[in-house]
Amino acid sequence: MVEKEEEQVSCPVCWVSSDLSEHNEATVATASDQSSSAESSSQKVIFAKTPCNHVYCRTCIERILLPDVATMGTCPMCRTAVSIFDLRHATTEKALYPSNSDVSSWPIANNVYKQFSVGRRRGLQSFQTDGIFRNTSFCFNQGHIPKLQYINKEDAGEASDVDDLQSVDFQRYHFHPQSMTFHGKLDFATPLSRPCGDSMCYSYSNFNCLLQFSSDGQYIRDGYIHWGYEPTTPDEYPLDGKWRVNWESGEPIEIYVQKHCFNCVGINYEITLDDKHRPRFEWPLAARDFFRQQRTVVQRSNQQIPPGARGPSVGETLDWSTNLASFSKIVWKRVSMELSPQSDGRRLRIRPDEFVYRNAGFQPQLPQYVATSIWGNTFCQMYTVGLASYHFVGTT
């Protein structure tokens, strides 16, 4: 009887190979001296499997996932999004980084991180979802589940009524202490939305975030938040989905249509069907100003979409015309029929100039005379980019 060969696996990045039947613990030469294995020391290699079923040695996949937005990256083989918390042992299928739900053991325990505008209206003031959710906070109170807090009020200012504050627990969360990175996901019991002007803004069914904190835990230095769109049915809203918009006088862009509303370059639009079931919408005043047009602009299509129809299929187009010569023809090409709450939504990156500081009473460091320093005093003003230096000739 011919004995079946044991399965072998190798890392496609560094080509280290191992025998899976021995739990991926092969003895290999270290990288310090690959030319002479007899003189080199040895180490045990653990192989990790991604959600897309590609296998890498643990060292290589960590190098891929940790440098950019820590703990998050893409599979080198198929470009699927991969989190370090998705990695599993190639043979035992156990998570290499189990979820740590004990918030009290985290370096950021008892901290509250709030939106903060660094001396200007920019920063996280532009971090809102069409102006719906303001003053977003992340709360990591010891002994409690991490929370997302926000204000669902159109005219909420910096000092809003506490009654307007909404709080939701994260249902799935992880913390990676080596990179000071938090992953959090939650599903809303009722989709979040509210009227915005004359039309409805997007509705969101879930939220997830990746937050990388500074080494001292004082602020969030990098990461992203993602508001997932509420899915709709094409029978009810035949034009909902993802579209690629092409026009003669500009670069193509992608838009997301939900409940026949969409946002383009920061301006909300609402599609209606006329008495012949042809789609149309008007450019609001803000859009006309943006394109330096002061009269009413109507964008319409001659394609009929009767009740029960699903509109153009994926890959098909919808032709539009306007009463402006510079926008005489606009073509929408359908990318998807429905919106996916996991992949479609508002994904916003936290930049170094959009910090979220901890604690409401945070104050910048004030200048002080330092007699032992030739600089007098140097400090980082509210963690903005650059340093401010003060020089004193005496204590008065």
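Reader: What makes Phe 138, Phe 182, Phe 207, Phe 213, Phe 262 and Trp 332 stand out in the largest nonpolar core?

Author: In this predicted model, these six touch the most other members of the largest nonpolar core, which has 53 residues. Strand β18, residues 204-213, gives the most to this core, with five residues. A second core lies apart from it; this one has 19 residues, including Val 55, Tyr 56, Cys 57 and Ile 61.

Reader: Which residues are in contact with Phe 138, leaving aside its neighbours within four places in sequence?

Author: Phe 138 is in contact with Asn 111, Val 112, Tyr 113, Lys 147, Leu 148, Phe 170, Phe 207, Cys 209, Leu 211, Ile 220 and Ile 225. Each of these counts because contact requires heavy atoms within 4.5 Å.

Reader: Why is Cys 57 called buried and Cys 14 partly exposed?

Author: The limit for buried is under 20% relative accessible area. Cys 57 has 6% relative accessibility and therefore counts as buried. Cys 14 has 34%, which lies between that limit and the 50% above which a residue is exposed, so Cys 14 is partly exposed.

Reader: How do you know that Cys 14 and Cys 57 are in no disulfide?

Author: A disulfide requires two cysteine sulfur atoms within 2.5 Å. For Cys 14, the closest cysteine sulfur belongs to Cys 60 and is 3.7 Å away, so the pair is too far apart for a bond. For Cys 57, the nearest cysteine sulfur is also that of Cys 60, at 3.4 Å, and Cys 57 is therefore in no disulfide. By this rule the count of disulfides is zero.

Reader: Which residues of helix α1 are buried, and against what do they pack?

Author: In α1, residues 58-65, the buried residues are Cys 60, Ile 61, Glu 62 and Leu 65. The buried residues of this helix pack against β5 (47-49), β6 (55-57), β7 (72-74) and β8 (81-83).

Reader: What makes β21 and β24 the edges of the open sheet?

Author: The sheet has seven strands in the order β21-β20-β28-β27-β26-β25-β24, with antiparallel pairing. β21 (250-257) and β24 (272-273) each have a single partner strand, so one side of each is left without a neighbour in the sheet.

Reader: Why are β24 and β25 called paired?

Author: Pairing requires at least two bridges, and two bridges join β24 to β25 (residues 279-283), so the requirement is met. These strands run antiparallel. The bridge partner of Thr 272 in β25 is Arg 280.

Reader: Why is the contact between Glu 282 and Arg 280 called a salt bridge?

Author: The limit is 4 Å from nitrogen to carboxyl oxygen, and the side chains of Glu 282 and Arg 280 meet at 3.9 Å, so the pair qualifies. Glu 282 is partly exposed at 42% relative accessible area, and Arg 280 is partly exposed at 22%.

Reader: What makes Asp 169 and Lys 147 a salt bridge, and where do they lie in the chain?

Author: Their closest N and O atoms are 2.5 Å apart, which is within the 4 Å limit, and therefore they form a salt bridge. Asp 169 is in strand β13 (residues 165-169) and Lys 147 in strand β12 (residues 147-152); the pair links parts of the chain 22 residues apart. Asp 169 has 31% relative accessibility and is partly exposed.

Reader: How many salt bridges does a search of the whole structure find?

Author: The search finds nine. One of them joins the side chains of Glu 93 and Lys 49, at 3.0 Å from N to O.

Notes:
Residues are numbered from 1 along each chain as its sequence is written. This is a predicted model: local features need pLDDT of at least 70, side-chain atom pairs count only at pLDDT 80 or more; totals for chains, interfaces and linings use all residues. Side-chain values use heavy atoms; hydrogens and water are left out. A nonpolar core is a set of buried Ala, Val, Leu, Ile, Met, Phe, Trp, Tyr and Cys residues joined through side-chain atoms within 4.5 Å. Buried means under 20% relative accessible area, exposed over 50%, partly exposed in between (1.4 Å probe, protein chains only). Helices (H or I, at least four residues) and strands (E, at least two) are DSSP runs, numbered from the N terminus.
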